Amino acid sequence: MRFIKTKKVSLLKKFIFTALLLYISNLYTYASSSLSFNTSKLISTLSKNYGERAALRGKAWLKLLNERYDSEQDKLLRTNRFFNQLRFTTDKKLWGESNYWATPVEFIGVNAGDCEDFALAKYFTLLAIGVDDEKLRIVMVKSLTLNQYHMVVAYYETPTAEPLILDNIDGRIKKSNNRKDLVPIYSFNGKKLWLNNEKRQGRVAGKPSRLKRWNDLNIRMGLNKLKQPVLSME
């Protein structure tokens, strides 16, 4: 009898462990690979939650996601240009919170966001249109011009290449060496977290799961947990 009970407990533990691994795997796959939405559901959800203008922006985004591109440079340029059309504001004004990382759907829906929202939307969109995660990093920097923390996307054509910076302050994509106004602090993608001490290099400091807001963002990815702004930016 004791053997049977022990065996049942062992099987239960194995089942829970397997389910947990599957959940984590699915969460990572969703967050670090292609965005995948039912087209009609995305548009209807944007319309219902944020209005008809949001639905039009959603259609433009879907066109960007399904476009054919000549090169990765083309992907960078068009993604950067698309999101830089949206308005900049602070989380406090828009969401009523001091620091909220919006999902790409929320960002497009409300037509505004802060630097984190611009960077995250560009990052996930680039993944969705086929840019390898190994070539991308979301970078937290210190903006010397603004004297505040800021977030951008860095693209590395090769692991040792000087990265290109996608930014909402300066809309022109430039090599990091030409952005003397930005001092990198840390960076991450779907797999790793780096502590930076110069623009090209960084010391691996673990996985991005160490970042609480990154984990929270991944949980909210999708169409079922969209946050409502406290201020309309239409």
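What follows is a short walk through one predicted model, going from the overall layout to a few helices, some individual residues and one pocket.

Let me start with the whole chain. The protein has 234 residues, of which 47% count as buried, and its secondary structure consists of eight helices and nine strands. If we take the contacts with a separation of 6 or more, 58% of them are accounted for by residues 24 or more positions apart.

I would like to turn next to helix H3, which runs over residues 52-65 and contains 14 residues. From its first C-alpha to its last, H3 reaches 20 Å, which is close to the 20 Å expected at 1.5 Å a residue. Which residues of H3 are buried? They are Ala-54, Ala-55, Arg-57, Gly-58, Trp-61, Leu-62, Leu-64 and Leu-65, so please note that an arginine is in this list along with the leucines. Because these residues cover an arc of only 165° around the axis, they sit on the same side of H3. The face turned away from that buried side carries the exposed residues Glu-52, Arg-53, Leu-56 and Lys-63, and here you will see that a leucine, Leu-56, is listed among the exposed residues.

And what do the buried residues of H3 pack against? The partners are four helices, namely H2 at 39-50, H4 at 72-83, H6 at 104-110 and H7 at 115-128. Within H3 I would single out Trp-61, which counts as buried because its relative accessibility is 0%, where the cut-off for buried is under 20%. The C-alpha of Trp-61 is separated by 9.6 Å from that of Val-105, although the two residues are 44 residues apart along the chain.

One of those partners, H4, deserves a look from its own side. H4 has 12 residues and reaches 17 Å between its first and last C-alpha atoms, close to the 16 Å expected at 1.5 Å a residue. Its buried residues are Asp-74, Lys-75, Leu-76, Thr-79, Asn-80, Phe-82 and Phe-83, and they pack against H3, H6 and H7, as well as against the strands E4 and E5, the latter at 164-166.

Moving on along the chain, we come to Thr-103, which is found in the loop between helix H5, residues 91-95, and H6. Thr-103 counts as buried, at 1% relative accessibility. Leaving aside neighbours within four places in sequence, Thr-103 is in contact with Leu-217, Arg-220, Met-221 and Leu-226.

Those contacts lead us to helix H8, residues 212-220, in which Trp-214, Leu-217, Asn-218 and Arg-220 are buried. These four cover an arc of only 165° around the axis, which puts them on the same side of H8. After H8 comes Gly-222, with a positive phi near 130°.

There are also two asparagines whose backbone I would ask you to inspect. Asn-111 has a positive phi of about 70° although it is not a glycine, and it lies in the loop between H6 and strand E2, which spans 112-113. Asn-147, likewise not a glycine, has a positive phi of about 55°, and this residue is found in the loop between E3 and strand E4, residues 148-155. Are these two asparagines buried or exposed? Asn-111 is buried, with a relative accessible area of 12%, whereas Asn-147 counts as exposed at 59% relative accessibility.

On strand E3, residues 136-143, we find Ser-143, which counts as buried at 1% relative accessibility. Not counting residues up to four places away in sequence, Ser-143 touches Gln-148, His-150, Ile-169, Asp-181 and Leu-182.

Finally, let me come to the second largest pocket, in which about 150 Å³ of space lies. Its lining is made up of Glu-134, Arg-137, Tyr-156, Pro-159, Asn-189, Lys-191, Lys-192 and Trp-194. By class, four of the lining residues are charged, three are nonpolar and one is polar.

To draw this together, the picture I would leave you with is of H3, whose buried side packs against H2, H4, H6 and H7, and of H8, whose buried residues likewise lie on the same side of the helix.

Technical notes. Residues numbered from 1 in each chain as written. Predicted model: local features only at pLDDT ≥ 70, side-chain atom pairs only at ≥ 80, totals over all residues. Heavy atoms only, no water. 1 Å grid on protein atoms, 1.4 Å probe; cavity = no way out; pocket = protein on both sides within 12 Å on 5 of 7 lines; lining within 4 Å. Points joined across faces, edges and corners; volume = space filled by probe spheres on them. Nonpolar A, V, L, I, M, F, W, Y, C, P; charged D, E, K, R; others polar. Expected span 1.5 Å × (residues − 1). Buried < 20%, exposed > 50% of the residue type's maximum accessible area, 1.4 Å probe, protein only. Arc of directions from axis to C-beta. Contact = heavy atoms within 4.5 Å.
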